[in-house]
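Please look over the model below before reading on. The report goes from the sheet to the helices, then to the ligand site and some individual residues.

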Amino acid sequence: MTKKVTLIPGDGIGPEIIASAVRVVEASGAKIEWETHVIGAQALEKFGTTLPESAIESIKKNKVALKGPLTTPVGKGFTSVNVTLRKTLDLYANVRPIKALPNVPCRYPELDLVIIRENTEDLYSGLEHVVVPGVVESLKIITEKASTRIARYAFEYARSNKRKKVTAIHKANIMKLSDGLFLSCFYKVAKDFPEIEADDKIIDNACMQLVMHPEQFDVLVLENLYGDIVSDLCAGLIGGLGLAPGANIGELGAVFEAVHGSAPDIAGQGIANPTAIMMSAVMMLHHIGEHKAAERLENAIFEVYREGKFRTKDLGGNAKTAEFADAVIAKLKAASSKAATDA
Ligand code: ATP
């Protein structure tokens with residue numbers, strides 16, 4: 001049965017990498033009908049709002065979206081559309097697997113961990129104000145409800161993915177109330193998962209440990225801001241931002257997107273690495289039950305890396321975004337004709 005998926009091309013390198021992802025998903029044999037919606041700065045120009053109701057309705061109806069990165073103006077302009085989208089749809093769990101790809105030069109080729117980031121509160125509540133000129137206040141909101149919900153998601157994830165340990169990352173020694181609440185909710189939930197080890201680390205030590213001995217980690221659960229920063233750090237451990245996929249999951253739907261941003265410095269040149277969004281599409285295919293197509297696509301991406309002929313500039317190669325997609329499609333075709341011959 002054909003599944004409808006909302007497609008959001010995004011800003012900067014978004015349209016280039018999304019076009020590649022769509023091509024490889026189609027070549028994987030998955031039956032998908034895309035419903036394209038523009039959100040962000042482009043939507044503001046066209047519809048007078050960054051998040052048109054029609055896009056929200058489409059995701060609510062289809063319950064799944066593949067999304068390119070959206071530009072967030074720094075220091076001025078509109079509120080982050082990524083944050084608004086996550087809040088509007090209550091996509092509370094941001095899942096970011098950190099796994100090295102074959103034959104990619106990186107610090108930790110064996111690394112395999114998963115970051116679960118709380119997506120709806122913390123310093124991302126957007127509550128900032130000027131107290132008196134020269135003094136501003138940003139509110140960090142941490143609730144028992146959201147902390148318990150994300151801890152439970154992390155342990156459920158560990159259980160269903162046969163992971164052994166969940167580590168809460170925090171700064172409860174300084175933020176005794178907010179991070180203290182996050183941590184106490186974590187340990188309360190941990191009691192319901194006796195077969196999974198639960199521990200915690202203070203964020204600064206965790207960062208050093210991640211750089212020096214990341215193999216000690218399995219599933220990490222973090223508040224919103226720490227999760228954002230640690231995700232990029234971990235992407236660096238496996239070869240860079242072009243490789244790290246992600247999913248934003250909630251009761252109303254799931255939005256799949258790369259960890260990286262819109263990379264305005266390389267936008268429009270056709271040189272962005274589409275691997276992160278392609279691997280996000282692999283996660284999406286599993287999510288909608290297209291497991292075979294997901295495996296085919298993942299294998300094809302891995303094959304291209306194993307062979308090492310096509311690599312984008314961020315990994316020291318000279319393949320264009322579209323050429324990398326062509327190479328993945330060639331591997332998918334080769335695998336399907338081999339399967340037909342073997343049958
Ligand atoms: P945001 O604030 O939107 O998360 P950011 O400030 O973290 O964005 P990115 O857009 O993620 O920044 O880019 C950070 C750096 O990584 C840039 O130099 C960019 O060119 C590079 N980069 C990001 N994504 C890719 C990609 N898919 N392929 C190649 N380089 C990338």
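## Terms and model

Two strands pair if DSSP finds at least two bridges between them. Helices (H or I, at least four residues) and strands (E, at least two) are DSSP runs, numbered from the N terminus. This is a predicted model, in which local features need pLDDT of at least 70 and side-chain atom pairs count only at pLDDT 80 or more, while totals for chains, interfaces and linings use all residues. Residues are numbered from 1 along each chain as its sequence is written, and side-chain values use heavy atoms, with hydrogens and water left out.

## The open sheet

Strand 8 (residues 165–170) runs parallel to strand 9, and 6 bridges join the two. Lysine 165 has glutamate 197 of strand 9 as its bridge partner. Both strands belong to an open sheet of 10 strands with mixed pairing. The order is 2-1-3-12-11-4-5-10-8-9. Strand 2 (32–36) and strand 9 (197–202) stand at the edges. Each has a single partner strand, so one side of each is left without a neighbour in the sheet. On average, neighbouring strands of this sheet are turned by 25° against each other, direction ignored. Axes here are lines fitted to C-alpha atoms, for helices over the stretch in contact, and angles run from 0 to 180 degrees between N-to-C directions.

## Helices on the sheet

Contact means heavy atoms within 4.5 Å. Helix 7 (residues 203–212) lies across strand 5 (112–118), strand 8, strand 9 and strand 10 (219–222). Helix 7 runs at about 105° to strand 9. Helix 8 (residues 224–237) also packs on the sheet, touching strand 4 (93–99), strand 5, strand 8 and strand 10. The direction of helix 8 makes about 155° with that of strand 5.

## Helix 1 and its surroundings

Helix 1 (residues 14–27) has 14 residues. The expected span is 1.5 Å times one less than the number of residues. That gives 20 Å, which agrees with the 20 Å between the end C-alpha atoms of helix 1. Buried means under 20% relative accessible area, exposed over 50%, partly exposed in between (1.4 Å probe, protein chains only). Among the buried residues of helix 1 are Gly14, Ile17, Ile18, Ala21 and Val25. Their cover includes strand 1 (3–8), strand 2, strand 3 (64–67), helix 9 (275–287), helix 10 (291–307) and helix 11 (321–342). Just after helix 1, glycine 29 takes a positive phi of about 95°.

Proline 9 sits in the loop between strand 1 and helix 1. Not counting residues up to four places away in sequence, proline 9 touches Gly14, Pro15, Ile18, Thr36, His37 and Gly68. The C-alpha atoms of proline 9 and tyrosine 187 are separated by 39 Å; the two are 178 residues apart along the chain.

## Ligand site

A residue is near the ligand if one of its heavy atoms lies within 4 Å of it. There are 13 residues around the ligand, and His260, Gly261, Ala263, Asp265 and Asn273 come nearest. A polar contact is a pair of N or O atoms within 3.5 Å; within protein, one must be able to donate a hydrogen and the other to accept it, and residues adjacent in sequence count only if both atoms are side-chain atoms.

A side-chain N or O atom of histidine 260 is 3.2 Å from a nitrogen atom of the ligand. Glycine 261 places a backbone N or O atom 2.6 Å from a ligand oxygen atom. For aspartate 265, a polar side-chain atom lies 2.8 Å from an oxygen atom of the ligand.

## Threonine 275

Threonine 275 is in helix 9. Threonine 275 is buried, with a relative accessible area of 0%. The side chain of threonine 275 makes a polar contact of 2.5 Å with that of asparagine 273. Another, of 2.6 Å, joins the side chains of threonine 275 and tyrosine 305. Not counting residues up to four places away in sequence, threonine 275 touches Leu101, Gly242, Leu243, Ile301, Tyr305 and Phe324.

## Hairpin and positive phi

Strand 6 (residues 128–132) and strand 7 (residues 135–138) pair in the antiparallel sense over 4 bridges. Glutamate 128 stands opposite serine 138. The two strands form a hairpin with 2 residues between them, and glycine 134 in the turn has a positive phi of about 90°.

Most residues other than glycine have a negative phi. Aspartate 90 has a positive phi of about 50°. Aspartate 90 lies in the loop between helix 4 (81–88) and strand 4, and counts as partly exposed at 28% relative accessibility. Lysine 162 also has a positive phi, near 55°. Lysine 162 is in the loop between helix 5 (144–160) and strand 8, and counts as exposed at 71% relative accessibility.
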